[in-house]
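Open the model in your viewer and keep the sequence panel beside it. Each stop below gives a selection, then what is there.

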Amino acid sequence: MEAIRLDAERLLGREEAMEQLGRALALPEWWGRNLDALHDCLTQLGRPVRLELGRREALEGTDFGRRLLRVLEDAAAENPYLELSLE
């Protein structure tokens, strides 16, 4: 299983989060770079990935961060190839 570790403090803004996640997850160049597109890509991920996010509380402290967490948690619940680890 591929493990991808990201610092949640680098995911607080939409643009930076989409850039970081797109690069780390090797999402296709054409993906929409928004939360709906991220959810679609994560639920269709066909390889085992463990996404590890440190500093969860940083995400919980912003509106965008809370929405991002919800998308990540929902996608992990839907896709057996995606495991989410929040610290």
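**Stop one: a salt bridge to start**

Select Arg33 and Glu29: their side chains meet in a salt bridge, 3.5 Å from N to O. Bear in mind that this is a predicted model. Colour the pair by accessibility. Arg33 is partly exposed, because its relative accessibility is 29%. Glu29 reaches 67% and so counts as exposed.

**Stop two: other salt bridges**

The count of salt bridges comes to 12. Select Arg5 and Glu87 next. They form a salt bridge whose closest N and O atoms are 3.0 Å apart. Arg5 lies in strand 1 and Glu87 in the segment after strand 3 (82-86), so the pair ties together parts 82 residues apart in sequence. Arg5 counts as partly exposed at 48% relative accessibility. Glu87 is also partly exposed, at 48%.

Now move to helix 3 (residues 56-60), where Glu60 and Arg56 both lie. Their closest N and O atoms are 2.5 Å apart, in a salt bridge. The two residues are 4 apart, about one turn of the helix. Why does that spacing suit a pair? An α-helix has 3.6 residues a turn, so residues three or four places apart point the same way. Glu60 is partly exposed at 36% relative accessibility, and Arg56 is partly exposed at 27%.

Add Asp7, Glu9 and Arg55 to the selection: salt bridges link them in a network.

**Stop three: helix 1**

Select residues 14-24, which make up helix 1. Which of its residues are buried? They are Ala17, Met18, Gln20, Leu21 and Gly22. Show what covers them: the cover includes strand 1 (2-7), helix 2 (35-43), strand 2 (49-54) and helix 4 (63-78). Just after helix 1 comes Ala26, with a positive phi near 55 degrees.

**Stop four: Leu21 and the core**

Stay in helix 1 and centre on Leu21. Leu21 counts as buried because its relative accessibility is 0%. Discounting residues up to four places away in sequence, Leu21 touches Leu6, Leu11, Leu27, Leu38, Leu51 and Leu68. For a distance check, pick the C-alpha atoms of Leu21 and Arg10: they are 10.0 Å apart, with the two positions 11 residues apart along the chain.

Zoom out to the largest nonpolar core, which has 27 residues. Leu11, Leu21, Leu38 and Leu68 have the most contacts inside it. Strand 1, helix 1, helix 2, strand 2 and helix 4 each supply at least two residues of this core. Helix 4 gives the most, with 6 residues.

Definitions and conventions: Residues are numbered from 1 along each chain as its sequence is written. This is a predicted model: local features need pLDDT of at least 70, side-chain atom pairs count only at pLDDT 80 or more; totals for chains, interfaces and linings use all residues. Side-chain values use heavy atoms; hydrogens and water are left out. Buried means under 20% relative accessible area, exposed over 50%, partly exposed in between (1.4 Å probe, protein chains only). Contact means heavy atoms within 4.5 Å. A nonpolar core is a set of buried Ala, Val, Leu, Ile, Met, Phe, Trp, Tyr and Cys residues joined through side-chain atoms within 4.5 Å. A salt bridge is a side-chain nitrogen of Lys or Arg within 4 Å of a carboxyl oxygen of Asp or Glu.
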